[in-house]
Amino acid sequence: MDIEGLMKRAIKLALKAEGKTSPNPLVGAVIYKGGRIVGEGYHKAAGKPHAEIEALKNAGKKARGGVLFVNLEPCIHYGRTPPCAPEIVKAGIKGVYIGMIDPNPKVNGKGVRYLLNHGVKVYTGILEEKAREINRFYAFAVKNKIPYVILKIASTLDGFIGGFSRRYITCEESRRLVHRWRNKVDGILVGIGTVLKDNPELNVRLVKPVKQPLKIVLDTDLKIPHSSKLFSTEGDVIVYSRRSGKLPFGEVVTVGTERGMLKIEDILNNLYSRGVNSLLVEGGKRVFSTFIKEGLFQEIKIFYAPILQGNGIKMIENVSAVVKVERSRRIGEDILVEGRNVYGNN
């Protein structure tokens, strides 16, 4: 197997824990020696052994003299588990191939320097683009101290997201895809208008849940009914409001306002402090408009259903952003357009 093939294997292993490791990154590791893989492993969840440790344990004595392939730079600091770089040296690994340097300031090149200083050869940038893609939530959050935000909008062809009798705008295939996305993020966010109108559950139901994401509601005046379904389904609840109060389940967090609107950046800072690296924002119009106006989103995914509405609740208010469309595709009866905020991925 060639170098890229072995890194692809490490990335494939990392993805086995997708949705489970936050706030930690997705990491897979492969140890290669004598023309074959002698050990491999992946990081299964925060607090569990890191991928490199799993691979070394799997390889045992066979690791000595082998080379390690890992999609993210090995760590050199103590967190919930001991650092990996010293264990790599201790095991007698002679070379390490790395997908990307860890953007976490506690690592960020220190792991590479430690390995080099201890006589281990290091090669970086192996399938780097793919390595960055699978850990884009982690990399953005650890650098910016706020979650990576994806706006998910379901719309008619003429740009309306509500104000009509249909419960669902999109088809079942589209809704199932959204539940797959929910399964991979740390939180789902909506405004109080969506809760009052749709009474959503905000959980993972249409696919087998890896975990239930945090359910987040922006509710300036704390109008949320205690009978809301989101309180009776799995998943923790946080309601952000300018008023304090109690809920039947979950927590009210008070935040400041600006021109009558909750301060979104303060909310994002608070969510990051709670270990939330990624957020799926699902409505409604005022919430979408605020995130777009403030440039606080990285991706946008719009489902267009084959419906002409003529009137109702528009997708967004008078706001603008520069979005690069990356692809459009058919999902059942719908068209999904996916793009990135040109100025929101630093």
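V322, V342 and Y343 make up a nonpolar patch on the surface of this predicted model. Taken together, the three residues have about 310 Å² of accessible area. One member of the patch, V322, sits in the loop that runs between β16 (313-314) and β17 (323-331). With a relative accessible area of 43%, V322 is classed as partly exposed, because that term covers values between the limits of under 20% for buried and over 50% for exposed.

Another loop residue, N104, is found between β4 (95-100) and α4 (110-117). What is the relative accessible area of N104, and does that make the residue buried or exposed? The value is 14%, so N104 is buried. Leaving aside residues up to four places away in sequence, N104 is in contact with Y138 and V142.

The cysteines are the next topic. How many disulfides does the model contain? The count is zero. C75 takes part in no disulfide, and the nearest cysteine sulfur to that of C75 belongs to C84, 3.8 Å away. Seen from the other side, the closest cysteine sulfur to that of C84 is in C75. Why is this pair not counted as bonded? A disulfide requires two cysteine sulfur atoms within 2.5 Å, and the sulfur of C84, at 3.8 Å from that of C75, is therefore too far away for a bond.

Both residues of the pair can also be placed by accessibility. C75 has a relative accessibility of 5% and so counts as buried. C84, at 0% relative accessibility, counts as buried too.

Key: Residues numbered from 1 in each chain as written. Predicted model: local features only at pLDDT ≥ 70, side-chain atom pairs only at ≥ 80, totals over all residues. Heavy atoms only, no water. Buried < 20%, exposed > 50% of the residue type's maximum accessible area, 1.4 Å probe, protein only. Patch = residues over 30% accessible without salt bridge, like charges linked within 9 Å, V, L, I, M, F, W, Y side chains within 5 Å. Areas by Shrake-Rupley, 256 points an atom, 1.4 Å probe, with all protein chains shown as cover. Salt bridge = Lys/Arg side-chain N within 4 Å of Asp/Glu carboxyl O. Helix = DSSP H or I, 4+ residues; strand = E, 2+ residues; numbered from the N terminus. Contact = heavy atoms within 4.5 Å.
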